[in-house]
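Reader: Pull up the model for me, please. I'd like to go through the fold piece by piece.

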Amino acid sequence: MTEADIEAVSAVRVRGWQTAYRGLMPQAYLDAMSVAADAERRRSWFGRRSPEVSDLVAERDGEVVGWACVGPARDPDIAPGAGELPAPEPAAGELLALYVAPGLIGTGIGRALMAAGTARARAHGFHTLYLWVVRGNTRAQRFYERAGFVPDGAEEAYEVGGSSVPELRYRRPLTPEL
């Protein structure tokens, strides 16, 4: 991903949320999501991200149709010292995001992004990859389970538009590629 991709990535992310989380989050919140506002936040973050964070895009005919982001795991129970400076060498990574343009779900773009993100996580030396998925997002849960992820029992909720949204944590060991 380059800085020039930010607007397109934000469009994929916002449309992805509006599609995947319908019925799982307040509709008013989803309807109010703005590609421009998301892109502005992403631009401010993009230049400051850690070198261990990789943003990857999938393109079709020169158009961004998917986005994935991997980096060090953020949860203190799996990333001791997270947030400390200097940070210890991370052994665990996190799939921070994976979105595909809603009309292209099921075409292999998500699998390609997952493979590229997993390869990038291995290259950063991560031995395990974690992710969080909104409870009830069965399509995503099936996708991650087919990719070798299993729930690890951790659950957390965060607030979206005044409602509590529960998430489940999944994990997958990263064995070296042969």
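Author: One definition to start: buried means under 20% relative accessible area, exposed means over 50%, and partly exposed is in between, using a 1.4 Å probe and protein chains only. This is a predicted model, in which local features need pLDDT of at least 70 and side-chain atom pairs count only at pLDDT 80 or more, while totals for chains, interfaces and linings use all residues. Residues are numbered from 1 along each chain as its sequence is written, and side-chain values use heavy atoms, with hydrogens and water left out.

Reader: OK, try that on H3. Which exposed residues sit on the face turned away from its buried side?

Author: Glu40 and Arg41. Helices (H or I, at least four residues) and strands (E, at least two) are DSSP runs numbered from the N terminus.

Reader: And which residues of H3 are buried?

Author: Val35, Asp38, Ala39, Arg42 and Phe46. Looking down the axis of H3, these fall within an arc of 100 degrees, so they line one face of the helix. The arc is taken over the directions from the helix axis to the C-beta atoms. An α-helix has 3.6 residues a turn, so residues three or four places apart point the same way.

Reader: What do the buried residues of H3 pack against?

Author: Helix H1 (6-20), E1 and E2. Contact here means heavy atoms within 4.5 Å.

Reader: How far apart are the end C-alpha atoms of H3?

Author: They are 16 Å apart, which agrees with the 16 Å that the 12 residues of H3 (residues 35-46) should span at 1.5 Å a residue. The expected span is 1.5 Å times one less than the number of residues.

Reader: Switching to the sheet. What's the strand order?

Author: E1-E2-E3-E4-E6-E5, an open sheet of six strands with mixed pairing. The edge strands are E1 and E5 (150-160), each pairing on one side only. From one strand to the next, the twist averages 25 degrees. Two strands pair if DSSP finds at least two bridges between them.

Reader: Walk me through the pairs. How many bridges join E1 and E2, for a start?

Author: Seven, in the antiparallel sense, and serine 54 has valine 70 in E2 as its bridge partner. E2 and E3 also run antiparallel, joined by seven bridges, with proline 72 partnered by glycine 93 in E3. E3 and E4 pair in the parallel sense over three bridges. There, alanine 92 partners threonine 128 in E4, and glycine 93 partners leucine 129.

Reader: What's odd about aspartate 61?

Author: Aspartate 61 has a positive phi of about 55 degrees although it is not a glycine. It is found in the loop between E1 and E2, a hairpin with two residues between the strands.

Reader: Is aspartate 61 buried or exposed?

Author: Exposed, at 81% relative accessibility. E3 is another story: eight of its nine residues are buried.

Reader: Which helices lie on the sheet?

Author: H4 lies across E1, E2, E3, E4 and E6, running at about 150 degrees to E1. H5 touches E3, E4 and E6, and its direction makes about 165 degrees with that of E4. Axes are lines fitted to C-alpha atoms, for helices over the stretch in contact, and angles run from 0 to 180 degrees between N-to-C directions.

Reader: Now the largest nonpolar core. Which residues have the most contacts inside it?

Author: Leu98, Leu113 and Tyr144, in a core of 25 residues. H4 gives the most to this core, with four residues. A nonpolar core is a set of buried Ala, Val, Leu, Ile, Met, Phe, Trp, Tyr and Cys residues joined through side-chain atoms within 4.5 Å.

Reader: What does leucine 113 touch?

Author: Not counting residues up to four places away in sequence, its contacts include Leu56, Trp67, Leu98 and Val100. A second, separate core of 22 residues includes Tyr21, Ala39, Val53 and Val64.

Reader: Last one: where is tyrosine 29, and what does it touch?

Author: Tyrosine 29 is in helix H2 (residues 27-32). Leaving out residues up to four places away in sequence, tyrosine 29 touches Trp17, Val160 and Gly161. Its C-alpha atom is 5.5 Å from that of glycine 161, 132 residues apart along the chain. Tyrosine 29 is partly exposed, with a relative accessible area of 35%.
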